[in-house]
Amino acid sequence: MDLPGHYRMTSPAVSRETTARSVDVADQHSVQTEQLGRPLFFEDASGLPNRSELYPTRAAVQATADVHVIDLADEFARRRAGSDVAIVGLGYVGLPTSLAFHSAGRDVLGIDVSHARLDNIRDGRVDLLPSDRVRLGAALTDDRFGLTTDATMVRTANTVMVCVPTPVDEQLAPNLAPLQEACATVVAQARPRQVIILTSTSYVGCTHDLVVQPLRERGFVIGEDIFVAFSPERIDPGSNGHAPEDVPRVLGGATAACTARALSALGGCTSNLHPVSSLEAAEMCKLVENTFRAVNIALANEFAEIGRELDLDITEVIDAAATKPFGFMPFRPGPGVGGHCIPVDPHYLLWQLRRRRVSAPMIEQAMRGIANRPRMVAERVRTALADNGTRLTGSRVVIVGIAYKPDVEDVRDSPALEIIERLRASGAHVVYYDPLVPSVRLPGGAVLESIRDPALADADIAVLHTSHTGMSLDWLMHQSLVLDTTYKFTGLPHVLSL
Ligand SMILES: NC(=O)c1ccc[n+]([C@@H]2O[C@H](COP(=O)([O-])OP(=O)(O)OC[C@H]3O[C@@H](n4cnc5c(N)ncnc54)[C@H](O)[C@@H]3O)[C@@H](O)[C@H]2O)c1
């Protein structure tokens, strides 16, 4: 079996040329550093915590029972003036972001409410690209990189970046609790001349509501004595092709001065910044990017259905269309979408529009279509087995790859979870094989462990859901029935495409 390289949604090569409005901030940053000479901290004495508050003794730190500290006292004793950058939320986005800042020579403090997360980071038990893993090793042995659960330490930083999750609840309404909590702390601890940058995807107006307005209520004049911006994340987990510092970054400030300060603060870490005119334009930019992807994935899924009806190999057709060097971007059909972006972000926009009694039928339809895919997969398993003379109830099914995309451990909103739940609810015996996900808790609470050798599963059907780089799939050649939800293995009689 010819095993193609794993499927990636391809996008046009991102130009590393600076766009007309982009700013090379490296110069700005060095100017700022020279002008300031010493850290901002000592210049703005008014309203600042005193030194003993900033650099607590070990005894004082250990006495704070609810704060888990990793060598914090030692670490901050070594610091001359707190951190340069504080990253709030060290997940899939925040951790690589903090490593990118650190490797750019910045003094970084990583803050996360989760003790377990910090322990995992310290032990290297985190899902990172190999290049970021190397960076983590270097950061953990450097006193310019600190970790703490004490969110009040944001006050020690010149720049604060907020990278906390922005999920939706079961009704698909935004769950803003983590972002509200993080912003409330940042606002409460804010001090003059800090630069505060929100990066979590959210609704349009969120930065104003959660940061700008509360800071005003504290008496700050935005753009004069404190600076606020929104700069959405564009991290591509699992992909080596897009290091954070190489990906152009959009940024909008609350005022022109905020934009300038935020551009300066991100300097050295990102070479290509694209300022926009407002916070809201930057917030909307992220929603446009991910809604665009959602709609195009839904369209690719629909074309896959059309291809099946017309007996056409949709992968061949999309590959052919992708030879057009302009006006076409290939999106691929699949079993659904997962992760923290596509199944979630467009709902922030739809929620905001619903409150204004505005509909967006194309986006709504796309999100419904995407959400229906796991159900379709389960149904296809049923009919494929029936065509082979096997009932779903009592059948043995192996799901191959359960992460939401290749080369990540992330199973958040992975379509595989719903597929497994549905098949189990129909009485199938379901096992899974995913070398990156040793065990998984299903939404219903059951915990499954990855089997070691799928070839020995003796399954009535194998469902290919995600193929990680290097994952051996040769055994599928000897499998009697395969349902390929990735649309990569075509032309083999025992392999059905979704
Ligand atoms: N994952 C992606 O591929 C991706 C890509 C682009 C943008 N984003 C956006 O970036 C944001 C973060 O996503 P993520 O995938 O990194 O989330 P995540 O769940 O992987 O990590 C978030 C981290 O924030 C921590 N946290 C939660 N509340 C906190 C608080 N109040 N203070 C400090 N830490 C807190 C959590 O413990 C967790 O470790 C989201 O808005 C998401 O939409 C994600």
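Is the crossing of α14 and α15 left-handed or right-handed? In this predicted model, the crossing of α14 and α15 is left-handed. Helix α14 spans residues 345–355, and its axis lies 11 Å from that of α15, at an angle of about 140°. Angles over 145 degrees count as roughly antiparallel, and an angle that is neither roughly parallel, roughly antiparallel nor roughly perpendicular counts as oblique. The helices α14 and α15 are therefore oblique to each other. On the α14 side, the residues that meet α15 are Pro346, His347, Leu349 and Leu350. Their partners in α15 are Ile363, Glu364 and Met367. Five nonpolar residues, one polar residue and one charged residue make up this contact.

Helix α15, which covers residues 361–371, also packs with helix α12, residues 279–309. The angle here is about 60°, and the two axes are 9 Å apart. Because of this angle, α12 is oblique to α15. The crossing of α12 and α15 is left-handed. From α12, the contact involves Thr291, Ala294, Val295, Ile297, Ala298, Asn301 and Glu302. From α15, Met362, Ile363, Ala366, Met367, Gly369 and Ile370 take part. Sorted by class, the residues of the contact between α12 and α15 are nine nonpolar, three polar and one charged. Ile363 and Met367 of α15 thus appear in the contact with α12 and in the contact with α14.

A further helix pair is formed by α6, residues 94–103, and α8, residues 130–140. Their axes are 10 Å apart and make an angle of about 65°. In this pair, α6 passes α8 in a left-handed crossing. Helix α6 contributes Pro96, Leu99, His102 and Ser103 to the contact, while helix α8 contributes Asp132, Arg135, Leu136 and Ala139. Of these residues, four are nonpolar, two are polar and two are charged.

The model also contains a ligand, with 28 residues around it. Those that come nearest are Gly89, Gly91, Val93, Ser200 and Glu233. In the shell around the ligand, 15 residues are nonpolar, nine are polar and four are charged. Helix α9, residues 177–189, provides the largest share of this shell, with three residues. Both domains take part in the shell: domain 1 (21–277) and domain 2 (281–498) each supply at least three residues.

Definitions and conventions. Residues numbered from 1 in each chain as written. Predicted model: local features only at pLDDT ≥ 70, side-chain atom pairs only at ≥ 80, totals over all residues. Near = placed C-beta within 6 Å. Helix = DSSP H or I, 4+ residues; strand = E, 2+ residues; numbered from the N terminus. Nonpolar A, V, L, I, M, F, W, Y, C, P; charged D, E, K, R; others polar. Domains from an automatic or database assignment. Axes fitted to C-alpha atoms, helices over the stretch in contact; angles between N-to-C directions. Left-handed = near helix turned anticlockwise from the far one by under 90°. Contact = placed C-beta atoms within 7 Å. Parallel < 35°, antiparallel > 145°, perpendicular 65-115°, else oblique.
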